[in-house]
Amino acid sequence: MTPLDFVVSLALISVAAGVLGSLVGLGGGVVIVPVLTLLYHVDIRLAIGASIVSVIATSSGAAAAYVRDRMANLRAGMFLEVATTTGALTGAYLTTLLPVRFLFVFFGLILAYSSVTTFRRRHVDAPLTVSNDRIANYFNLHGSYHDLAEGREIAYKVVGTKLGLSIMYAAGLVSALLGIGSGALKVPAMDSAMHLPMKVSSATSNFMIGVTAAASAGVYFIRGQIDPIIAAPVAAGVLLGATVGARILGRTASKTIRILFVVVLVVISLEMLQKGVLA
Amino acid sequence: MSGPSRPPVEPAPGPAPEIPRAALGRSGARRELTPDEARRMAVKVHRVELAISLVLRVGVVASVLVIAVGLGLMFAHHGSYLALRGPLSYRALTSASTSFPHSFGALGRALAHDQGRGVVVLGVLILILTPVLRVAVGVVSFAYEKDAPMALVTLFVLVVLVGSFFLAGA
């Protein structure tokens, strides 16, 4: 395979990764890392560097539309970033302290559990109309969005900010420790713990993952993990895919997005358990 | 809507049970907004949203353009990369020993020599800095809209983010 074949085929796969990543709020890394390591046999360090680039690309590409269309909850997203960035910073220091295998098993189980809770909410995800959460009320984190699939404006209230903040801290920690996209914990934190509608959770997660990834991108760049010939097709393809995905999310039923997210989450948790148990 | 196999312990579908207003008590530090205040609040928030959306779009478009130019230069300088079939494998460019700029000094030298890979790295750096810039614009917008709590929260995020870049040694 010549460099041109590589760039063109990787760009096409990246478009698909961008569409999926922007729909479920996980970023393109979920697809990019296995594709680069298993299909192209690229060094894992370079694959992780490309994954960080793809997460930032999905986030910025999709969030430009999600924020403008009020699909993402800007205030809740920015408020919760306090916990994710702090978690990411702590994680960078803990890397050497904790055994990685144990972390993979631990978070593999947590993701398996959150895929179950997310799946169970498929019938009961009606938005809340009142909230007695003091933090959410003080920062006015509540919101509303226009659901194109249902053709109406949906207002929602936010609860459980303390639990949400704790899970977000863990999300930042995990992404720094294990190099996995933090969206896998962000979406359940907003959907199950804080009762944001599924599509808002996905769009807001998309909005947030770029900032969490940017917090560790500097390290990856200096360590020489961002190879231009891999990063270029990934960034360009994922940006295009994310722009397309951002148009699809509004028109798709919440339940479809939820099921899609659960399927991807189950795959990630199995991957993590496999790494922890067999590696 | 209603699944026949649902266990009886789960709450019924439909809107979540409403908590009576009186039970809210000291629920929020702020009083309930009047409809007029709520509308002004929504307008303010939407202005911040448009500013942030614009920053993201400009960052994304700029980085894609720079990356595209860089890729073009790479292929223009190395004619052998363009072959559809041939002995040259991409593996030479993606192995652990491949050299490419990964410090600002090296990036500057690569750009001075008009190297395509340097231009691509510059585009990727623009992409990486876009979320940081987006947070910075958030601080300014919230401050401008006189939303002190949110401005402080966003400022904290910006400090942690910039701090992480310095800790990385960038």
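**Entry 1: the area between the chains.** I looked up the area buried between chain B and chain A, which in this predicted model comes to about 6700 Å², with carbon and sulfur atoms giving 72% of it; buried area here is the accessible area (1.4 Å probe) that two parts lose on being put together, summed over both. On the side of chain B, I noted that Tyr90(B), Phe100(B) and Arg134(B) lose the most area to chain A, together 10% of what that side buries.

I noted the conventions too: residues are numbered from 1 along each chain as its sequence is written, while chains are lettered from A and ligands numbered from 1 in the order in which they are written. In this predicted model local features need pLDDT of at least 70 and side-chain atom pairs count only at pLDDT 80 or more, whereas totals for chains, interfaces and linings use all residues, and side-chain values use heavy atoms, with hydrogens and water left out.

**Entry 2: who takes part.** I found that the contact (heavy atoms within 4.5 Å) takes 84 residues from chain B and 69 residues from chain A. Between the two chains I counted five residue pairs in polar contact, both residues at pLDDT 80 or more; such a contact is a pair of N or O atoms within 3.5 Å, where within protein one must be able to donate a hydrogen and the other to accept it, and residues adjacent in sequence count only if both atoms are side-chain atoms. Which elements give two or more residues to the side of chain B that touches chain A? They are α1 (21-24), α2 (35-77), α3 (91-94), α5 (116-144) and α6 (148-167) of chain B, where helices (H or I, at least four residues) and strands (E, at least two) are DSSP runs numbered from the N terminus. The largest share of that side, 17 residues, comes from α2(B).

**Entry 3: salt bridges.** I searched the whole structure and found ten salt bridges over all chains, each a side-chain nitrogen of Lys or Arg within 4 Å of a carboxyl oxygen of Asp or Glu. The side chains of Arg134(B) and Glu81(A) meet in one of them, at 2.8 Å from N to O; Arg134(B) lies in helix α5 of chain B and Glu81(A) in helix α4 (residues 74-94) of chain A, so the pair joins two chains. Across the interface of chain B and chain A the rule finds two salt bridges, and I also noted Arg75(A) with Asp147(B), whose closest N and O atoms are 2.7 Å apart.

**Entry 4: backbone in chain A.** I looked up two residues other than glycine with positive phi, namely His41(A), near 55°, and Arg70(A), near 60°. His41(A) lies in the loop between α2 (29-39) and α3 (44-68) of chain A, and Arg70(A) in the loop between α3 and α4 of chain A.
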